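Colleague: I would love a close look at one part of this model, the place where protein and DNA meet. Please take me through it slowly, one strand at a time.

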There are 2 protein chains.
Amino acid sequence: MDKQPSNTLSRILAYAEQECQARSLRLTPVRRRVLEMLVKHKHPVSAYQLLDELVEEGHKPAPPTVYRALDFLLEQGFIHRLATQNNYVACMHLGARHMGVFLVCKRCKKTVELLGENVRDTLTELADKNQFSLEEALVEVNCLCLPCRRQSEREQP
Amino acid sequence: MDKQPSNTLSRILAYAEQECQARSLRLTPVRRRVLEMLVKHKHPVSAYQLLDELVEEGHKPAPPTVYRALDFLLEQGFIHRLATQNNYVACMHLGARHMGVFLVCKRCKKTVELLGENVRDTLTELADKNQFSLEEALVEVNCLCLPCRRQSEREQP
DNA sequence: GTCTTAAACGTTATATCATAACATACGATA
DNA sequence: TATCGTATGTTATGATATAACGTTTAAGAC
Ligand SMILES: [Zn+2]
Ligand SMILES: [Zn+2]
Ligand SMILES: [Zn+2]
Ligand SMILES: [Zn+2]
């Protein structure tokens with residue numbers, strides 16, 4: 001399990017604050033709260049799961065509230081969306097806008113985000129060859145993590 | 001626009017038939033019909049669009065019928081799913097099981113499937129470094145195709 | 001041929017994910 | 001403080017996908 005130092009949350013929030021200032025955008029309470037929840041979770045989570053947590057806190061938001069916050073955070077590159085899982089996850093790589101490359105264990109759903117600059121280069125080249133220009137990309141790798149692989153071997157030798 | 005020779009359909013269906021025989025599986029009428037529809041479409045299409053077409057033909061299937069056929073075709077590698085689009089598309093690369101690499105124009109939705117063996121190698125290596133083993137992967141590249149790029153330039157110079 | 005059985009399919013209902021549309025509140029700035 | 005664009009609240013609905021269960025079908029055993 002990844003450790004998550006207590007200052008990671010504040011580092012990410014501070015970074016988001018700063019970027020929003022620089023872009024003349026507002027990290028409103030809802031947006032900030034959603035980002036905070038995503039950072040605190042270790043796994044990617046669904047929009048409705050975030051919604052439920054907001055409800056438990058006393059807010060009474062409807063789905064559009066959460067989706068609008070997610071859309072904002074996605075646009076600013078603060079979070080990523082895992083399309084095969086219908087889940088959202090905070091970006092842990094501050095500083096540079098990048099495409100997400102995700103390793104997802106299909107058994108326990110443990111997820112690792114890589115920067116994958118070399119993947120991007122390969123894809124840009126492939127796109128160019130086909131007269132497409134890469135805007136952004138989603139790479140989701142369905143995997144087995146080491147513990148799950150061992151578990152599988154034990155079950156089916 | 002890609003041309004689609006009239007024999008493409010029969011080639012793909014014959015291949016699917018043959019593979020199913022070899023794997024002791026059945027390419028039932030529904031499965032065959034769904035594969036046929038996917039091949040005939042030039043763009044990826046949604047499950048409900050396929051459902052509507054089946055209804056127009058006189059069948060009266062419910063969603064599970066289509067989804068079960070799609071699941072089968074996905075498992076056999078005859079089609080791919082584009083998770084960011086919630087769409088399904090026939091595989092045009094007969095013969096070898098492979099991961100899908102898709103260039104998708106974000107403006108006109110024109111889609112090209114590449115084999116991308118080098119992408120696979122890169123991803124396998126990245127997974128290994130992180131103690132994940134690659135099972136399969138989805139690569140969707142959000143692009144602008146050449147015509148749409150020119151169109152955009154014309155609109156916003 | 002009939003029996004057995006697993007796979008496939010039909011059917012109904014429901015779960016899950018996401019957005020349209022419109023009203024209200026807020027916040028910057030003139 | 002008046003104005004205007006942005007953000008949020010609220011209600012309803014659209015779009016995608018699956019659970020559960022009963023029936024049919026096809027293939028092999030006898
Ligand atoms: Zn990231
Ligand atoms: Zn795992
Ligand atoms: Zn393919
Ligand atoms: Zn295009």
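Modeller: Happy to; what follows goes through the protein surface beside each DNA strand in turn.

Please keep in mind that this is a predicted model. Let's begin with DNA strand C, which has 18 residues around it. Those that come nearest are A:Tyr48, A:Tyr67 and A:Arg81, together with B:Thr28 and B:Arg68. If you sort the surface near this strand by class, you find eight nonpolar residues, seven charged ones and three polar ones.

Where do these residues come from? Three helices each supply at least two residues of the surface near DNA strand C: H4 (63-75) of chain A, plus H2 (29-40) and H4 (63-75) of chain B. The most comes from H4(A), which gives four residues.

Now for the side of the DNA. Among the atoms of strand C within 4 Å of the protein, sugar or phosphate holds 48%, and the rest belong to bases. Several side chains reach phosphate oxygens. A:Tyr67, already named among the nearest residues, places a side-chain N or O atom 3.0 Å from a phosphate oxygen of strand C. From chain B, a polar side-chain atom of B:Arg31 is 3.2 Å from a phosphate oxygen of this strand, and B:Thr65 has a polar side-chain atom 3.2 Å from one as well.

Let's turn to DNA strand D. Here too there are 18 residues around the strand, with A:Thr28, A:Arg68, B:Tyr48, B:Tyr67 and B:Arg81 coming nearest. Of the strand D atoms that come within 4 Å of the protein, 49% are accounted for by sugar and phosphate.

The phosphate contacts of strand D draw on both chains. In chain B, B:Tyr67 has a polar side-chain atom 3.0 Å from a phosphate oxygen of strand D. In chain A, a polar side-chain atom of A:Arg31 lies 3.3 Å from a phosphate oxygen of the strand, while for an N or O atom in the side chain of A:Thr65 the distance to a phosphate oxygen is 3.2 Å. As for the elements behind this surface, helix H2 (29-40) and H4 of chain A, along with H4 of chain B, give two or more residues to it. H4(B) gives the most, with four residues. By class, the surface near strand D has three polar, seven charged and eight nonpolar residues.

If you want a place to start on screen, try A:Tyr67 beside strand C, then B:Tyr67 beside strand D.

Notes: Residues are numbered from 1 along each chain as its sequence is written. Chains are lettered from A and ligands numbered from 1 in the order in which they are written. This is a predicted model: local features need pLDDT of at least 70, side-chain atom pairs count only at pLDDT 80 or more; totals for chains, interfaces and linings use all residues. Side-chain values use heavy atoms; hydrogens and water are left out. A residue is near a molecule or strand if one of its heavy atoms lies within 4 Å of it. A polar contact is a pair of N or O atoms within 3.5 Å; within protein, one must be able to donate a hydrogen and the other to accept it, and residues adjacent in sequence count only if both atoms are side-chain atoms. Ala, Val, Leu, Ile, Met, Phe, Trp, Tyr, Cys and Pro count as nonpolar, Asp, Glu, Lys and Arg as charged, and the others, Gly among them, as polar.
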